[in-house]
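Please work through the following exercises with the sequence and the three-dimensional structure at hand, and try each task yourself before you read the solution beneath it.

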Number of protein chains: 2
Amino acid sequence: MAKPSRRRRGVTTIEDVARAAGVSAMTVSRVINHGKNVRESTRASVVEAIKQLNYSPNTAARSLAAGHATHIGLLYANPSAGYLAQFLIGALHAARSAGVHLVIEACESEEAEEQAGITRRFATSDVEGVVLPPPLSESQAILAELDVMGMPAVTVAMGTPRPDSLNVRIDDYAAAKEMTRYLLDLGHRRIGFIKGHPRHIASHDRYRGFCDALSDEGIDPTSAPAEQGYFSYRSGLIAGERLLGRPDRPTAIFASNDDMAAATISIAHRMELDVPQDVSVVGFDDTALATSVWPELTTVKQPIAEMAEAALELLIDDLRRRRAGTARKFTERVLSHAMVIRESSGPPAPPGEARKARSPARG
Amino acid sequence: MAKPSRRRRGVTTIEDVARAAGVSAMTVSRVINHGKNVRESTRASVVEAIKQLNYSPNTAARSLAAGHATHIGLLYANPSAGYLAQFLIGALHAARSAGVHLVIEACESEEAEEQAGITRRFATSDVEGVVLPPPLSESQAILAELDVMGMPAVTVAMGTPRPDSLNVRIDDYAAAKEMTRYLLDLGHRRIGFIKGHPRHIASHDRYRGFCDALSDEGIDPTSAPAEQGYFSYRSGLIAGERLLGRPDRPTAIFASNDDMAAATISIAHRMELDVPQDVSVVGFDDTALATSVWPELTTVKQPIAEMAEAALELLIDDLRRRRAGTARKFTERVLSHAMVIRESSGPPAPPGEARKARSPARG
DNA sequence: CAAATGTGTGTTACCGCTACCAGCGGGAGT
DNA sequence: ACTCCCGCTGGTAGCGGTAACACACATTTG
């Protein structure tokens, strides 16, 4: 009496779980989807059965039956390649476990108008929500457009999110403060700073963290040499050259991201300065560049993949809530960063042993 | 007489197409898929109806009904971040249009044994096939393991694929030859070469292309200075320093990838050589690094995203064929590359105007 | 104390598509 | 002429879930 079923070999279904728990499939479904109106004891036995059978719902069936939440958009614009790769990995992981497809689109333009137009591409495909990694998370044009369309969005690493929007970030201020603290503890007192792009809120947070750490040590932040950078390697070359060319050359330089830190190291080498012997250089982000320069960069690592995962979770949860008509729960999630100490930082050279720099070779 | 249907508003289904074409849904399904046993005239009218209604099948329903092909594995190991990001974008695009989920796993180890173990992770999830971008596409350990498991795999950029395996690549030989041709046309006669990792077949293809281009010009390839590199920035520093330190310094250097080309530029700058004035430097791959160094690199662009797409298409097609018991069709696909001329290359300096290099500063 | 309102659960009817098999017309085999 | 088979097509029955509704039973309300 073989079952003429087309069912794939041995995969456990919701029915199996229902039978094991002594309830109906519907109740199991409710338990899985955080449904209301399930008695606590019933829920427990269902959860137990799920664990016992190692059941995981079939995403295809789920989205077919529910008829929604199958596509999440991801709009990116030239972040560093390392960042994007990490981000995609995290996003993909979250998307898979939620049974959702990722629809990714590139947004090359810097123009606000064109950026806004891009969002319309999502309108034609059946995307239900959008994830915005930096730097797009700062784009007012895109956020406004998405708002008009009524399309839910989650931003990542946006400095000052609007109160009722979804956002995931790390504490840039605390991280920068911690890194500065580390340099101070090594003995550095003349620390130079390369600021990030002024339009990114994170830039200001990082600079504030730097300043406050100095203040805590009794150093006047305004006396610390700071140069404006724009997160690009190129801007790092210029800022780095200015800082290292000063008569009172800093013994350490804190760049607001790895690209600018790498550029600063390159400048130092051209000036025949040893890193970290003559000058310590630290960055921020821990992108792939951090380990492909020599010496490898001391930097702050953002949990990029985890942030992407968190972003998707937040968004999917919000979508569910919208359908259910329930109020929103979390609007922001702050993940923890980590310091990564590598070879580009060390104690300052004892006074008197400081080397003289020569002027850098013209590129 | 409203339809109490849960159907989402206005999405066209296979039934709509069937009605429009005057056939049954089943026939439409056949046309969409493999499509044996459909009269040519019938097929035409169905195709017409599909186009008319702008129909695209619901992937969730499809994989639910078919009960398979919902997860494709992607195993990667530290390629350059730029490569990975591009690759993921392409893979994701193909996965979405095929209605398949991507399951990505990192393989950090260089050890053959551990590499083999990784594949077992896919066994537990219901992955039906695996995509292997470089450098894993060259790993015999992984390929053997996958073979034992009977898991179909498609390799990307593998030099010498086994005859009946699936592979996607570009013509490294032709690309290297073309790039060398370009340097020759600029007027260069003393061209140095930095080889890639000897265990990658692509390295040898690129070197062969270089040699053959020289031969065609009547230059003895063995007289051209060549240094062994390993695709890393570090190895490029060493090889670059050797080449530029020669008494008969080359007027152009062709590095087998962008990382080594970037390293060579860095060395040139430390020797106070101008690029491209004193020496042209060209790379291969067009990774993000190519545009983040100064001057920006002339290089060969691989259509990475397209290669990923092609890989998935090949794999999914093969999966279908296996189920249908049909013989395999394509086993290899060669995509076309493109030369990207930027600022790191130019004509050689007229004889007599050549600058003298100073020895590079110790790092 | 009857009616109105909640709670927790099961039943039914699908979602959009494809595997499986039945049916049908017609050329080949005998 | 009568099977037999083959190319082509349609009907039917699900795939594994969930929305909507139905329905007992408990609790509040006028």
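The exercises below go from the chains as wholes to their sheets, and then to the surfaces near the DNA.

The structure is a predicted model, in which local features need pLDDT of at least 70 and side-chain atom pairs count only at pLDDT 80 or more, whereas totals for chains, interfaces and linings use all residues. Residues are numbered from 1 along each chain as its sequence is written, while chains are lettered from A and ligands numbered from 1 in the order in which they are written.

**Exercise 1. Describe chain A in terms of its helices and strands, its buried residues and its contacts.**

Solution. Begin with the secondary structure, where helices (H or I, at least four residues) and strands (E, at least two) are DSSP runs numbered from the N terminus; chain A has 13 helices and 12 strands. Next, take burial: a residue is buried if 20 or more other C-beta atoms lie within 10 Å of its own, exposed if 12 or fewer, and partly exposed in between, with C-beta atoms placed from the backbone. By this rule, 49% of the 363 residues of chain A count as buried. Finally, two residues are in contact if their C-beta atoms, placed from the backbone, lie within 7 Å; among the contacts in chain A between residues at least 6 apart in sequence, 72% join residues at least 24 apart.

**Exercise 2. Work out how chain A and chain B are related, and which elements of chain A touch chain B.**

Solution. First superpose the copies, which is done by least squares on the C-alpha atoms of residues with pLDDT of at least 70 in both. A turn of 180° with a shift of 0.0 Å along the axis lays chain A on chain B with an RMSD of 0.3 Å. The two copies are thus related as by a two-fold rotation axis.

Then turn to the interface, where 32 residues of chain A are in contact with 32 residues of chain B. On the side of chain A, the elements that give two or more residues are α4, α5 (81–98), β2 (101–106), α10 (233–244) and α11 (258–270), and α5(A) gives the most, with 8 residues. Because 97% of the interface residues of chain A are also interface residues in chain B, the copies meet through the same surface.

**Exercise 3. Trace the open sheet of 6 strands in chain A and the open sheet of 4 strands in chain B.**

Solution. Recall that two strands pair if DSSP finds at least two bridges between them. In chain A, the 6 strands follow the order β2-β1-β3-β4-β5-β11, with parallel pairing. At the edges stand β2 and β11 (332–335) of chain A, each of which pairs on one side only. Inside this sheet, β1 (residues 71–76) and β3 (residues 129–132) of chain A run parallel and are joined by 3 bridges, and Leu74(A) stands opposite Val131(A) in β3(A).

In chain B, the 4 strands follow the order β7-β6-β8-β9, again with parallel pairing. Here β7 (226–227) and β9 (280–282) of chain B are at the edges with a single partner strand each, so one side of each is left without a neighbour in the sheet. Strands β6 (residues 191–194) and β8 (residues 252–255) of chain B pair over 4 bridges, with Gly192(B) opposite Ile253(B).

**Exercise 4. Explain why β5(B) is largely enclosed by the rest of the structure.**

Solution. Count the buried residues first: strand β5 (residues 166–170) of chain B is largely enclosed because 5 of its 5 residues are buried. Then look at its two faces, where Leu166(B), Val168(B) and Ile170(B) lie on one side and Asn167(B) and Arg169(B) on the other. As for partners, β5(B) pairs in the parallel sense with β4 (residues 153–156) of chain B over 3 bridges, and 4 bridges join β5(B) to β11 (residues 332–335) of chain B.

**Exercise 5. Find which residues are closest to DNA strand D, and which element gives the largest share of the surface near DNA strand D.**

Solution. A residue is near a strand if its C-beta atom, placed from the backbone, lies within 6 Å of it. DNA strand D is surrounded by 31 residues, the closest being Ile14(A), Ser29(A), Ala61(A), Ala65(A) and Thr42(B). Elements giving two or more residues are α2 (25–32) and α4 (59–66) of chain A together with α2 (25–32) and α4 (59–66) of chain B, and the largest share, 5 residues, comes from α4(A).
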